Protein chains: 2
Amino acid sequence: MDVDTRLLRYFAAVAEEGSLTGAAERLFVSQPALTKQIRRLEEDLGVRLFARSRSGMALTEAGREFASRVPALLDGWDEAVQATGRAARVLRLGFLDAGAVGAVPEVIAEFRQARPEWRVELRQFDWSDPSAGLARGEADAAVVRLPFPGQERLTVRQLFVEERGVLLPARHPLANRETVEFRELWDEPFVAAGAETGAWREHWLATEERDGHPVRVGAVTGRPDEWLGAVASGCVALAPVSAARFHSHPDVVFRPVRGVSPSRVGLARPRGRTHEAALDELLEAITQRLRRT
Amino acid sequence: MDVDTRLLRYFAAVAEEGSLTGAAERLFVSQPALTKQIRRLEEDLGVRLFARSRSGMALTEAGREFASRVPALLDGWDEAVQATGRAARVLRLGFLDAGAVGAVPEVIAEFRQARPEWRVELRQFDWSDPSAGLARGEADAAVVRLPFPGQERLTVRQLFVEERGVLLPARHPLANRETVEFRELWDEPFVAAGAETGAWREHWLATEERDGHPVRVGAVTGRPDEWLGAVASGCVALAPVSAARFHSHPDVVFRPVRGVSPSRVGLARPRGRTHEAALDELLEAITQRLRRT
DNA sequence: TGCTTCTATAACCTGGTGGCATGGATGTGG
DNA sequence: CCACATCCATGCCACCAGGTTATAGAAGCA
């Protein structure tokens, strides 16, 4: 019988949460999707794992047995992934936007001289995962934008801060201004990241700086091109100043904004060391080069 | 990062076989499918697992690391499945055709009296898996038709033998006969099981009894209804005499055949004991009831 | 040079998986 | 006692991952 680790995570979530609705919320999937998956798991196993009731899902005896083994399976998998990465002598460096990365490629080039046996790979991730691959073990370290959810389970060092501005459609009334007050943007439709990104989403909608004024979400996207496209077609979006250099679009302009906090760029890595010395060395070099303030 | 155990099995097969083509054959999937899956695995891990060459696929260092851990992961999963089944106090009894099962339901009814804390479940499997769920760990024991591939990894006890006949379209010239000689069927289009069933497929095409005369395969199917449908629409198929009772179709007739070996029905279970006493007891009871000769 | 044997790519099809809307069951509070 | 809230289940639809076949490309070998 074949199973996906995703199914195991689903099961674990339902088991802990004690309800489909609750677990669905935590996993950012719909409740019917979970219903179906759990049911399929039970059918495949030929075993009832949960006792359904109005008040939720309770583990059966078999369910408890299963639940007691699932964490070890998931951990075993994670461990295998990490060990393989170590053996490959590949350092996977995740990032979200070229702006934050800055001079990192140069640092990598130098590192390649010093440690020719290691390969360094820059991997871009979309905004469905603001940890840039760390959360899923798809990166060994990452250049991130703070704050983001899951941050507390990682070691994060701040590198520098960067003012934020706004991307506007070229024909927008405010597009002619030299500078924009954030308050003037309160009622504009914003481009937002997916709900699963929590605090990250909030930060880029600047909900903190709105004095409780509600947000209008005009589009939800996870990728730079869609993001820019959404702005071109009428939405607005906060962005770091570097975005102006790295994302250009004929129908989109960038303007500084007053009244929003700056974006903080950081370097993150898992708490347990994974690649020992080589990774330390690379991250130290990046920090030296990028750190400002 | 999420992975399917199927992917791990694919990887293990390629690693052992040293080639995509060879592994694809063993896994009964196409070579391009494997190419894609392995490539995807490498991309997700961000690591090259194989060195490609004209002569095949060789593990890289990282690949060897990964390969050394995969078996443990797969075993861990199997073990979790079995433990869960045990905890559920469910005995899953696989079967392929009602004819072989015979009086088993009565035995189960009695067993239920003696061991009320256990639930017994009869699960029908299609012919893509002649081990009736044992191969994939989806059954704890099975009523099977011998021989079938993978049999040597199981404990099999023969229960009885049953003559084989042929299912013919009602308007077939031979349909009026009392009895048919197998030789007369040599050139008929047969309904066959999938290629992955190996010896099982051969047995039901009776390649042994053809003196090297080639088989015409008129249809490939894995399920009883399709099977019967194929016969109704012009193919023929060997079948145990019990099939005449359990599968009726207005346009299909059953006739005894001379010149083919009988079908042997057996009771199979995994070698390592899984459910200790309860399963032993049930299987013993079934054997007592069904064993003839 | 032509044949074989590998892997990679392209085009297409199907079934699984997820989303939305809704139904049904069961407590709960006015 | 009825309206409501809160669960889980179901039906329908859209999409993509994964499979298949056909074919290309590279490299040994006779």
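This short talk goes through the pairing of two protein chains, their contacts with a DNA strand, and one strand inside chain B.

Hi everyone, thanks for coming. Please keep in mind throughout that what we are looking at is a predicted model.

Let's start with the two copies, chains A and B. Chain B can be laid on chain A by a rotation of 180° with 0.0 Å of shift along the axis, and the RMSD is 0.1 Å. The two copies are therefore related as by a two-fold rotation axis. Which C-alpha of chain B is nearest the axis? That of B:Asp4, at 2.0 Å. As for how the copies meet, 100% of the interface residues of chain B are interface residues in chain A too, so the same surface is used by both.

Now to DNA strand C. There are 22 residues around this strand, and those that come nearest are A:Ser30, A:Gln37, A:Arg54, B:Leu20 and B:Thr21. By class, the surface near the DNA strand has 7 nonpolar, 8 polar and 7 charged residues.

What part of the DNA faces the protein? Of the atoms of strand C within 4 Å of the protein, 70% are from sugar or phosphate, and the rest are from bases. A few phosphate contacts are worth finding on your screens. A:Ser30 has a backbone N or O atom 2.8 Å from a phosphate oxygen of strand C. With A:Arg40, a polar side-chain atom lies 3.0 Å from a phosphate oxygen, and with B:Arg39 a polar side-chain atom lies 3.4 Å from one. Looking at whole elements, those giving two or more residues to this surface are α1 and α3 in chain A, and α2, α3, β1 and β2 in chain B. The largest share, 5 residues, comes from α3(A).

Last stop: strand β5 of chain B, residues 141-146. Is this strand buried or exposed? Mostly covered, with 6 of its 6 residues buried. In a regular strand, side chains alternate between the two faces of the sheet. Here both faces are covered: B:Ala141, B:Val143 and B:Arg145 are buried on one side, and B:Ala142, B:Val144 and B:Leu146 are buried on the other. Yes, that list does include an arginine, B:Arg145.

And the neighbours of β5(B)? With β3(B), residues 90-95, β5(B) pairs in the parallel sense over 3 bridges, and B:Leu93 has B:Ala141 as its bridge partner. With β13(B), residues 263-270, β5(B) runs antiparallel, joined by 5 bridges. There, B:Val143 is partnered by B:Leu267.

That's my tour. Happy to take questions!

Methods:
Residues numbered from 1 in each chain as written. Chains lettered and ligands numbered in written order. Predicted model: local features only at pLDDT ≥ 70, side-chain atom pairs only at ≥ 80, totals over all residues. Heavy atoms only, no water. Buried < 20%, exposed > 50% of the residue type's maximum accessible area, 1.4 Å probe, protein only. Helix = DSSP H or I, 4+ residues; strand = E, 2+ residues; numbered from the N terminus. Pairing = 2+ DSSP bridges. Near = heavy atom within 4 Å. Polar contact = N/O pair within 3.5 Å; in protein donor to acceptor, adjacent residues only side chain to side chain. Nonpolar A, V, L, I, M, F, W, Y, C, P; charged D, E, K, R; others polar. Least-squares fit on C-alpha atoms with pLDDT ≥ 70 in both. Contact = heavy atoms within 4.5 Å.
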